[in-house]
Amino acid sequence: MKILLIKDLKTLGKKGEIKEVKDGYAQNFLLPNGYGKIATPEVIASWKAESERVAKALADEMATFKEYKKILDNATIVIKKKSAPIGIQGSVSKEEIAHSVEENLKIVVDKKHIELKKALKTEGIHDVEIKLGHGIHAMLKVEIIGE
């Protein structure tokens, strides 16, 4: 019986491969556990169409992230905080940076994707790494001004 694998299976193959297996193995293990489907022409055609759609969506997302990277690498965000005798009161949080990026650059960034090497507690320009996804990272300049 020919089976189209819809999940990776260490002992058999990778997702998307068509494998010849014994009928009992297919009927008792692969099909009930959702590892594969019987490889009919309709199933193969729909799998290829779905794979192409997913690949196109991934390519579009990558292009969007690369565009965001260009914008973020060349941008400087200004955040105003109350002054203290040394530096500023408190520190600049990831949430404040994410809000400022969304407000000024119209790019939505989750605060969990912002990487701070150390707390931003002094005035001046600081580099902040933002992980956009799919291995694309941007370096944003954050200027902290005391009021």
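Me: Why is F29 called partly exposed?

Reply: F29 has a relative accessible area of 29%. Residues count as buried under 20%, as exposed over 50%, and as partly exposed in between, with a 1.4 Å probe and protein chains only. The value for F29 falls in the middle class, so F29 is partly exposed. This is a predicted model, in which local features need pLDDT of at least 70 and side-chain atom pairs count only at pLDDT 80 or more, while totals for chains, interfaces and linings use all residues. Residues are numbered from 1 along each chain as its sequence is written, and side-chain values use heavy atoms, leaving out hydrogens and water.

Me: How do you know to which class Y25 and Y35 belong?

Reply: Y25 has 32% relative accessibility and Y35 has 23%. Both residues are therefore partly exposed.

Me: What makes Y25 and F29 a stacked pair?

Reply: Rings of Phe, Tyr and Trp (its six-membered ring) pair if their centres lie within 6.5 Å; planes under 30 degrees apart count as stacked, over 60 as edge-to-face and the rest as tilted. The rule yields two aromatic pairs here. In one, the ring centres of Y25 and F29 are 5.6 Å apart and the planes meet at 15 degrees, so this pair is stacked. Y25 and F29 are four residues apart in helix α1 (residues 23-30), which means that about one helical turn separates them. F29 also forms a stacked pair with Y35, at 5.3 Å between centres and 25 degrees between planes. Ring pairs thus link Y25, F29 and Y35 into a cluster.

Me: What makes K7 count as sitting over the ring of Y35?

Reply: The charged end of K7 is 5.7 Å from the centre of that ring. A charge sits over a ring if NZ of Lys or CZ of Arg is within 6 Å of the ring centre and within 35 degrees of the ring normal, so K7 meets the rule.

Me: How do you know that β6 pairs with β7?

Reply: Two strands pair if DSSP finds at least two bridges between them. Nine bridges join β6 to the antiparallel strand β7 (residues 136-146), so the rule is satisfied. The two strands form a hairpin with two residues between them, and H134 in the turn has a positive phi of about 55 degrees. β6 (residues 124-133) also pairs with β5 (residues 114-115) in the antiparallel sense over two bridges, and E115 has E129 as its bridge partner.

Me: Why is H126 called buried?

Reply: H126, in strand β6, has a relative accessible area of 11%, and it is therefore buried. H126 stands opposite V142 in β7. Its contacts (heavy atoms within 4.5 Å), not counting residues up to four places away in sequence, are L120, L140, K141, V142 and I144.

Me: Which residues touch the most other members of the largest nonpolar core?

Reply: They are L72, I97, V101 and L140, out of 22 residues. Such a core is a set of buried Ala, Val, Leu, Ile, Met, Phe, Trp, Tyr and Cys residues joined through side-chain atoms within 4.5 Å. At least two residues each come from α2 (41-73), β4 (76-81), α3 (94-105), β6 and β7. The largest share, five residues, belongs to β7. A second, separate core has six residues, including L9, V21, A26 and L30.
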